Protein chains: 2
Amino acid sequence: MADDAQPEQQTYASSGVDTDEAARGLSGLLRWVSQTSAFADGVGASPVPGGFFAAVLPLNDRTSLAISTDGVGSKSVLAQLTGDFESIGWDCVAVNVNDIICTGARPVALVDYIALQHPHGEMLAALGKGMRDAAERARVAIVGGELSQHPDTLTGPSEGYAFDISATCVGVLEDGAAPITGAAIRPGDTVIGMASNGIHANGLTLARSLLLSGDAHETVGLTLPECGRTVGEELLRRTHIYVPEVTAMLRAGVDVHGLAHISGDGLLNLLRLDADVEYRLDALPAPQPVFEVIQREGNVALAEMYRVYNMGIGFCAVAPASSVGDALAAIAAAGGEAAVIGTVREGRRRVVLPQQGLVGEGSAFTQV
Amino acid sequence: MADDAQPEQQTYASSGVDTDEAARGLSGLLRWVSQTSAFADGVGASPVPGGFFAAVLPLNDRTSLAISTDGVGSKSVLAQLTGDFESIGWDCVAVNVNDIICTGARPVALVDYIALQHPHGEMLAALGKGMRDAAERARVAIVGGELSQHPDTLTGPSEGYAFDISATCVGVLEDGAAPITGAAIRPGDTVIGMASNGIHANGLTLARSLLLSGDAHETVGLTLPECGRTVGEELLRRTHIYVPEVTAMLRAGVDVHGLAHISGDGLLNLLRLDADVEYRLDALPAPQPVFEVIQREGNVALAEMYRVYNMGIGFCAVAPASSVGDALAAIAAAGGEAAVIGTVREGRRRVVLPQQGLVGEGSAFTQV
């Protein structure tokens, strides 16, 4: 895939996904939708900031709900090329439960929405198997779903197999528990990073545009020597589900100040926490080789890589330094892989990556 | 669009949407997904039958949740042709809240999922405006959503404007209230039908294939004389939201035995109620003219029309004969249009339409 000349520098936008324009478009939608918060009679005001990982609704003095919806982006295209649909079923659960647990809520129910060209039985069974396995790890019940046939409005590399899948997860906070929002974060707190399992379900359109040159049906089966896997296997690695790790920390009584799912926008997701602080991440582990391959193939700027991809860290927990030992022990006991990756400092809301020379504010990293 | 020769007989399947194959494919998915019901620790067993309009989760002795997810099918294609995106925003709320209220739950929160080719600002603002207006009528808060860019996997008649929208609604049953399931339905009960607002959001692929011949951008603007509207205006009429009517009945203390949203599968939706009875609907009003036009253009069998379309009735309530006066009064007070359309009889679970000579069992009507 590589040739000797330096490839033209690629960005997520040049692959067709313009997140800046999406942000502008979204603001036009939100201007209307935000007016609806007053319509649900008897529901309490949101205790989480706008744009948080999940919405939280206080139903009464005992129970609050957390609600989140997300899809797997164009990872479904990889499944069409390889026939591995189970990974996609898994991911559509994973991306949602990982958002729900950022509030401290326990995921309880999930519904899926599948838009597809044609209802192939073996494809749907494989999606179901993946969803089932993910639901078991996340301890969530899949209580409903919708199958919508769109024979002429979906397209993909395998005619008839185009589909898009998304899901919505509902979690509960019981016994009057308040959500974890980040509001308790203080300078001096520690940032714990939990390992991702590769690119998860973000930045797939860019990754496909760089790694699937020529006949995608062929290149998807080529081995990436750096990864020890084929392109398809690497890009379809399952999004790690962090529910057991987070549940273990909360059950152990660890004083968790903030929880952040590192999905699209990478480590900038820390800025969604309700704290005006600086996250100085000076002990990040080396990203998995797939990120180097993507960066090299597209001559992608490091700032862009860290904006689009998780770069090895799929979930963060912020805790006071005194709780870090207990937190790491709980995560390890749940089978998770985690390490201290940085600290919280006084300062304006930003993410500083000194090893990489990057500073992230708002929705972008800048090389400094 | 019509010519003198009798057109070839069209079905939903010949338009590319095969509901029988979808049912088989879905069973393969459900075989796996049904195993997840045991995974949500501490959530009570479902008090509604499988395949009900919404899932119901007892959270504790005080609160149960209702959850439903649905999209607007290919109605979004009409919006791309006409530029009327507000109708689609409205409908993605409507189809979901109408499912939630079948349980007697009060809709409280909704999240939307929009997959799109490109995040055009004016399109997103119009979708947001429609969602806002529908949310106001349904008294639901739109608490979150996901915008997912799929530049190369969606396609439609207006390049760059292809999109698919779906939503998930959550409702609550408070004070230990049990859901309305249909289990209280008895022979002798009355079926009340509430008027639909045209085809709502079902059977659009078939309707498009029949009414948008030639250049769809042109034919969408042609007037349908029978309807007094253009093709686009008629097919984009907003799905009626029945929340005010149902809320009025329940607040008035009407003894409601069953509530059924008449969406895809038409009046067969009555069979989703938890009652082994026959619904004899012998007083159906005349369907709106659009249904005659579709039937004529595609020479569609009457059994197929009643299986795919609502044929004028968008929502049904089943109540004991003694409550019908109160029910109709409550609906009228809420501004709704309703009439008695039939009765419940002892017999096996089926829908009998004597005026049309149709009997519906399982997922199909048969001409008798």
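Trainee: Which strand of chain A does A:Thr366 lie in?

Mentor: A:Thr366 belongs to strand E15 of chain A, residues 364-367. Bear in mind that this is a predicted model.

Trainee: What makes A:Thr366 count as exposed or buried?

Mentor: The number of C-beta neighbours inside 10 Å, which is 12 for A:Thr366. A residue is exposed at 12 or fewer, so A:Thr366 counts as exposed.

Trainee: Which residues does A:Thr366 touch, not counting those up to four places away in sequence?

Mentor: A:Ala303, A:Leu358 and A:Val359. In addition, the C-alpha atoms of A:Thr366 and A:Glu304 are separated by 8.7 Å, with their positions 62 residues apart along the chain.

Trainee: How do you know whether B:Ala327 is buried or exposed?

Mentor: By the C-beta count again: B:Ala327 has 24 neighbours inside 10 Å. The cut-off for buried is 20 or more, so B:Ala327 counts as buried. This residue lies in helix H11 of chain B, residues 324-333.

Trainee: What is B:Ala327 in contact with, leaving aside neighbours within four places in sequence?

Mentor: B:Ala327 is in contact with B:Ile192, B:Met249, B:Val254, B:Ala317 and B:Ala319. As for B:His261, which is 66 residues apart from B:Ala327 along the chain, the two C-alpha atoms are separated by 17 Å.

Trainee: What is the phi of A:Asp175, and where does the residue lie?

Mentor: Phi of A:Asp175 is near 55°, a positive value in a residue other than glycine. A:Asp175 lies in the loop between E5 and strand E6 (190-195) of chain A. With 8 C-beta neighbours inside 10 Å, against a limit of 12 or fewer, A:Asp175 counts as exposed.

Trainee: And what of A:His200: buried or exposed?

Mentor: There are 26 other C-beta atoms within 10 Å of A:His200. Since 20 or more is the condition, A:His200 is buried. A:His200 has a positive phi of about 55° although it is not a glycine, and its place is the loop between E6 and helix H5 (204-211) of chain A.

Trainee: Why is H1(A) called roughly parallel to H4(B)?

Mentor: The axes of helix H1 (residues 19-33) of chain A and helix H4 (residues 121-138) of chain B cross at roughly 20° and come within 7 Å. Angles under 35 degrees count as roughly parallel, and that makes H1(A) roughly parallel to H4(B). Their crossing is right-handed.

Trainee: Which residues meet in the contact of H1(A) with H4(B)?

Mentor: On the H1(A) side, they include A:Arg24, A:Leu26, A:Leu29 and A:Trp32. On the H4(B) side, B:Leu124, B:Leu127, B:Met131 and B:Arg132 are among them. By class, the residues of this contact divide into 9 nonpolar, 4 polar and 4 charged.

Trainee: How many residues of each chain are in contact with the other?

Mentor: 78 residues of chain A are in contact with 78 residues of chain B. H1(A) supplies the largest share of the side of chain A that touches chain B, 11 residues. The residues of that side divide into 37 nonpolar, 27 polar and 14 charged.

Trainee: What makes the two copies related as by a two-fold rotation axis?

Mentor: A turn of 180° and a shift of 0.0 Å along the axis lay chain A on chain B with an RMSD of 0.0 Å. The two copies are thus related as by a two-fold rotation axis. In chain A, the C-alpha nearest the axis belongs to A:Leu154, at 2.3 Å. The same surface serves both copies, as 100% of the contact residues of chain A recur in chain B.

Trainee: What makes helix H2 of chain B mostly covered?

Mentor: Of the 8 residues of H2(B), residues 75-82, 7 are buried. Among them are B:Val77, B:Leu78 and B:Leu81. The buried residues of H2(B) pack against several elements of chain B, including helix H3 (86-100) and helix H5 (204-211). Just after H2(B), B:Gly83 takes a positive phi of about 80°.

Trainee: At what angle do H5(B) and H9(B) pack?

Mentor: At about 65°, with their axes 9 Å apart. The crossing is left-handed. B:Leu206 and B:Leu210 of H5(B) are among the residues in this contact, as is B:Ile294 of H9(B).

Methods
Residues are numbered from 1 along each chain as its sequence is written. Chains are lettered from A and ligands numbered from 1 in the order in which they are written. This is a predicted model: local features need pLDDT of at least 70, side-chain atom pairs count only at pLDDT 80 or more; totals for chains, interfaces and linings use all residues. Axes are lines fitted to C-alpha atoms, for helices over the stretch in contact, and angles run from 0 to 180 degrees between N-to-C directions. Helices (H or I, at least four residues) and strands (E, at least two) are DSSP runs, numbered from the N terminus. Angles under 35 degrees count as roughly parallel, over 145 as roughly antiparallel, 65 to 115 as roughly perpendicular and the rest as oblique. A crossing is left-handed if the near helix is turned anticlockwise from the far one by less than a right angle, and right-handed if clockwise. Two residues are in contact if their C-beta atoms, placed from the backbone, lie within 7 Å. Ala, Val, Leu, Ile, Met, Phe, Trp, Tyr, Cys and Pro count as nonpolar, Asp, Glu, Lys and Arg as charged, and the others, Gly among them, as polar. Copies are superposed by least squares on the C-alpha atoms of residues with pLDDT of at least 70 in both.
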